[in-house]
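Open the structure in your viewer and keep the sequence panel beside it. The tour goes from one selection to the next, and each stop says what to look for.

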Amino acid sequence: MEKMMRIVPNHAVLGAQVQEIDLARPLNKETFEALMMALGQHGVLEFPDQDLTTVGLKQFSANFGELWVSPGGRAQDPEHPEVMFLSNMKEDGKPLGLADAGQSWHTDMSYARMIALANVLYGIEVPHDASGTPLGDTQFLNMHKVYEDLPESIKKQLEGKTITHDFNKFWEMMRQRPGSTRPPLGEKEKAARPPVQHPAFLTHPITGKKVLYANPGYAMFVNDMPREQSDELLQYLFEFQTQPEYLYSHQWKKRSVLMWDNIGTTHNAVADYTPEQHRFMKRCQVMATRFYGAQGTAHPIMFKSTGVPA
């Protein structure tokens with residue numbers, strides 16, 4: 001008899017483990033809906049002990065939406081550009097993937113007009129210290145909870161406001177780090193990713209609740225506000241959201257898949273390992289196309305489950 005999928009909450013501010021599921025197999029409607037609802041509810045889903053090919057990772061991720069292909073063309077599978085490689089490893093002196101991806105608080109694709117729904121990462125090589133403890137945690141902040149706890153005065157100040165997000169902000173910040181090999185963005189790449197505006201508070205299309213959508217990596221300024229006031233407000237928001245009570249730190253296991261909600265969380269990749277402590281992961285970025293149309297992020301298309309229990 002086939003075992004039933006189980007979703008086991010972490011009993012932390014974020015996260016759940018999804019057990020008794022083989023991601024290499026097609027998802028039926030009931031399983032898909034349960035996972036989509038769990039993604040909104042728990043923010044971060046871990047699928048342990050998976051055996052996925054590149055195609056398998058791509059097919060699983062595509063259940064949830066359109067997959068993004070980076071216009072930069074870096075660290076992509078040559079046959080499946082929707083799959084990117086994140087790694088500090090080299091082969092014949094050439095990097096196997098992006099070595100410094102995600103190493104500061106951010107929300108992927110907030111710099112794009114069509115934002116991301118989710119990231120899906122498959123841990124093939126996980127760095128460890130001498131005692132065998134995994135390194136390279138991925139940290140998350142719960143932006144549902146952050147919004148709930150914001151002072152009413154801040155909510156009133158930001159209600160109806162938009163924030164400009166810019167890809168180049170994060171890119172230049174990473175370039176300034178010691179040892180960075182990132183080149184400046186070319187004009188073609190900048191033109192492909194111009195600054196965009198999104199509401200400071202989004203209505204989450206799965207939970208129906210509001211989240212703060214302002215991350216340190218890409219948020220530049222609050223529109224229609226004096227720059228000095230905007231800078232002070234954003235700094236307050238960045239400091240507020242990084243308080244320990246909103247933090248969940250995920251410790252990686254080899255062959256686990258981690259899927260997280262890019263609307264209701266921000267994340268940070270902890271770079272606490274050396275080049276000799278190998279890390280290799282495959283990543284798909286799921287866009288939120290199913291939830292946003294021509295009117296943009298101010299007008300979400302809500303996800304409606306048929307009521308199948310998780």
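Start by selecting the rings of Phe, Tyr and Trp. A search of the whole structure finds 15 aromatic pairs. Two such rings, taking the six-membered ring of Trp, pair if their centres lie within 6.5 Å; planes under 30 degrees apart count as stacked, over 60 as edge-to-face and the rest as tilted.

Now keep Phe85 and Phe280 on screen. Their centres are 5.6 Å apart with 35 degrees between the planes, so the pair is tilted. The pair links distant parts of the chain, with Phe85 in strand β4 (residues 83-87) and Phe280 in strand β17 (residues 280-287), 195 residues apart. Helices and strands here are DSSP runs numbered from the N terminus: helices are H or I with at least four residues, strands are E with at least two. Phe85 has a relative accessible area of 13% and Phe280 has 14%. Both count as buried, because buried means under 20% relative accessible area (exposed is over 50%, partly exposed is in between; 1.4 Å probe, protein chains only).

Before going on, note what kind of model this is. It is a predicted model, where local features need pLDDT of at least 70 and side-chain atom pairs count only at pLDDT 80 or more, while totals for chains, interfaces and linings use all residues. Residues are numbered from 1 along each chain as its sequence is written, and side-chain values use heavy atoms, with hydrogens and water left out.

Next, select Phe32, Phe47, Phe60, Phe64, Phe291 and Phe303. These residues form one aromatic cluster.

Stay in strand β17 and select Met281. Is Met281 buried or exposed? Met281 is buried, with a relative accessible area of 1%. Show its surroundings within 4.5 Å, the limit between heavy atoms for a contact. Leaving out residues up to four places away in sequence, Met281 touches Met84, Phe85, Leu86, Leu121, Tyr122, Gly123 and Trp252. Phe85, from the tilted pair, is one of these residues. Draw a distance from Met281 to Tyr122: they are 159 residues apart along the chain, but their C-alpha atoms are separated by 5.4 Å.

Move to His42 in helix α1 (residues 29-42). His42 is buried at a relative accessible area of 11%. Which residues is His42 in contact with, leaving aside neighbours within four places in sequence? They are Ile7, Pro9, Leu14, Gly15 and Ala16.

Then select Gly56 in helix α2 (residues 54-62). Gly56 is also buried, at 11% relative accessibility. Measure from its C-alpha to that of Leu150: the two are 94 residues apart in sequence and 41 Å apart in space.

Leu150 comes up again at the next selection, Phe201 in strand β11 (residues 201-203). Phe201 counts as buried at 10% relative accessibility. Beyond four places in sequence, Phe201 touches Tyr147, Leu150, Ile154, Lys155, Leu158, Glu159, Val211 and Leu212. The C-alpha atoms of Phe201 and Gly160 are 8.0 Å apart, with their positions 41 residues apart in sequence.

Two loop residues come next. Asp92 is in the loop between β5 (90-91) and β6 (94-95). Its phi is near 55 degrees, a positive value in a residue other than glycine. Met109, in the loop between β6 and β7 (116-125), has a positive phi near 70 degrees and is not glycine either. Which of the two loop residues is buried, and which exposed? Asp92 is exposed, with a relative accessible area of 76%, whereas Met109 is buried at 3%.

Finally, zoom out to the whole chain. Its secondary structure comes to seven helices and 17 strands. The C-alpha atoms fill a box of roughly 55 × 50 × 40 Å along the principal axes. Buried residues make up 54% of the 310 residues. Among contacts between residues at least 6 apart in sequence, 79% join residues at least 24 apart.
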